Amino acid sequence: MLIKIKKAPVAQLDRAADYGSAGWGFDSLQACLNEEKWMREALKEAELALREGEVPVGAVVVVNERIVGKGHNQTERLKDPTAHAEIIAITAACNALGSSRLEKAEVYVTLEPCVMCTGAMVLARIKKLVFGAQEKKFGACGSKYNIPFDNLLNHTFEVKKGVLEKKAKELLEEFFKKRRRDGRVDEGARLEIA
């Protein structure tokens, strides 16, 4: 059966600015495309971690549409429990910019940050956090705790969750399935991704 579809009228250009202010127009579409672009870069870092036998979490720090820091989990390789993707990316960004303040920075990370990493973002005074998968057990940006919106702290920041969530979850699930097959993770020990 053939269905005839009428062409919709083109949006009037004099109203285009109005669409953006309501969050429905061109600006919001571009923001979503940019978020996915930067999250793909974070996913590349997570894939590096996976190849190195680390929990596949990746992060990038973006300022003015440019990556100024990136990292992936390296806790096993460095024998350092603080060597999370976010900490490595934030440190790289601070070094690149010559400042401990990242007021214009957006951080893209494949998994919801823990308390330590979220605390580092508060201290660095980032502008925005975008993450992929939620982490129900240790997540500090809405799942278990909600540090970015705690008014008792000296800084709060915007958070967006769920960007390329499916791909981020797939990497984590692949990692833990392999670890269980190899007998390196107790069946009861698991990351709780939403």
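User: Which strand is Tyr 108 found in?
Analyst: First, some housekeeping: this is a predicted model, where local features need pLDDT of at least 70, side-chain atom pairs count only at pLDDT 80 or more, and totals for chains, interfaces and linings use all residues. Residues are numbered from 1 along each chain as its sequence is written, and side-chain values use heavy atoms, with hydrogens and water left out. Helices (H or I, at least four residues) and strands (E, at least two) are DSSP runs, numbered from the N terminus. With that settled, the strand holding Tyr 108 is β3.

User: Does Tyr 108 count as buried or exposed?
Analyst: Buried means under 20% relative accessible area, exposed means over 50%, and partly exposed is in between (1.4 Å probe, protein chains only). Tyr 108 has a relative accessibility of 1%. That falls under the 20% cut-off, so Tyr 108 counts as buried.

User: Which residues does Tyr 108 touch, not counting those up to four places away in sequence?
Analyst: Contact here means heavy atoms within 4.5 Å. Leaving out residues up to four places away in sequence, Tyr 108 touches Glu 35, Trp 38, Met 39, Ala 42, Gly 58, Ala 59, Val 60, Val 62 and Val 130.

User: In what order do the strands form the open sheet?
Analyst: Two strands pair if DSSP finds at least two bridges between them. The open sheet has 5 strands with mixed pairing. β2 (66–72) and β5 (158–161) each have a single partner strand, so they stand at the edges with one side lacking a neighbour in the sheet. The order is β2-β1-β3-β4-β5.

User: In what sense do β1 and β3 pair?
Analyst: Strands of a sheet pair through backbone hydrogen bonds, either parallel or antiparallel. Val 62 stands opposite Glu 106 in β3. There are 4 bridges between β1 and β3, and the sense of their pairing is antiparallel.

User: Which residue in the turn of the β1 and β2 hairpin has a positive phi?
Analyst: β1 and β2 pair in the antiparallel sense over 6 bridges, one of which joins Val 61 to Gly 69 in β2. The hairpin has 2 residues between its strands. One residue in the loop is exposed, with a relative accessible area of 64%, and has a phi of about 50 degrees although it is not a glycine. That residue is Asn 64.

User: Which strands does α4 touch as it packs on the sheet?
Analyst: Axes are lines fitted to C-alpha atoms, for helices over the stretch in contact, and angles run from 0 to 180 degrees between N-to-C directions. By that reckoning, α4 makes about 145 degrees with the direction of β2. The buried residues of α4 include Ala 85, Ile 87 and Ile 90. In packing on the sheet, α4 touches β1, β2 and β3.

User: How many residues of the largest nonpolar core come from α4?
Analyst: A nonpolar core is a set of buried Ala, Val, Leu, Ile, Met, Phe, Trp, Tyr and Cys residues joined through side-chain atoms within 4.5 Å. The largest one has 43 residues, and Val 61, Ile 90, Leu 102, Met 121, Ile 126 and Leu 129 touch the most other members. Suppliers of at least two residues each include α2 (26–51), β1 (58–63) and α4 (85–97). The largest share is that of α4, and its number of residues is 6.

User: How far apart are the end C-alpha atoms of α6?
Analyst: The expected span of a helix is 1.5 Å times one less than its number of residues. α6 has 17 residues, so it should span 24 Å. The model agrees, with the end C-alpha atoms of α6 separated by 24 Å.

User: What arc do the buried residues of α6 cover around the axis?
Analyst: Ala 168, Lys 169, Leu 171, Leu 172, Phe 175, Phe 176 and Arg 179 are buried in α6. The arc is that of the directions from the helix axis to the C-beta atoms. On the other side of α6, Lys 166, Lys 177 and Arg 181 are exposed. The buried set is on the same side of α6 because its arc is only 160 degrees.

User: Which residue in the loop between α5 and β4 has a positive phi although it is not a glycine?
Analyst: The phi in question is about 60 degrees. With a relative accessible area of 21%, the residue is partly exposed. It is Arg 125.
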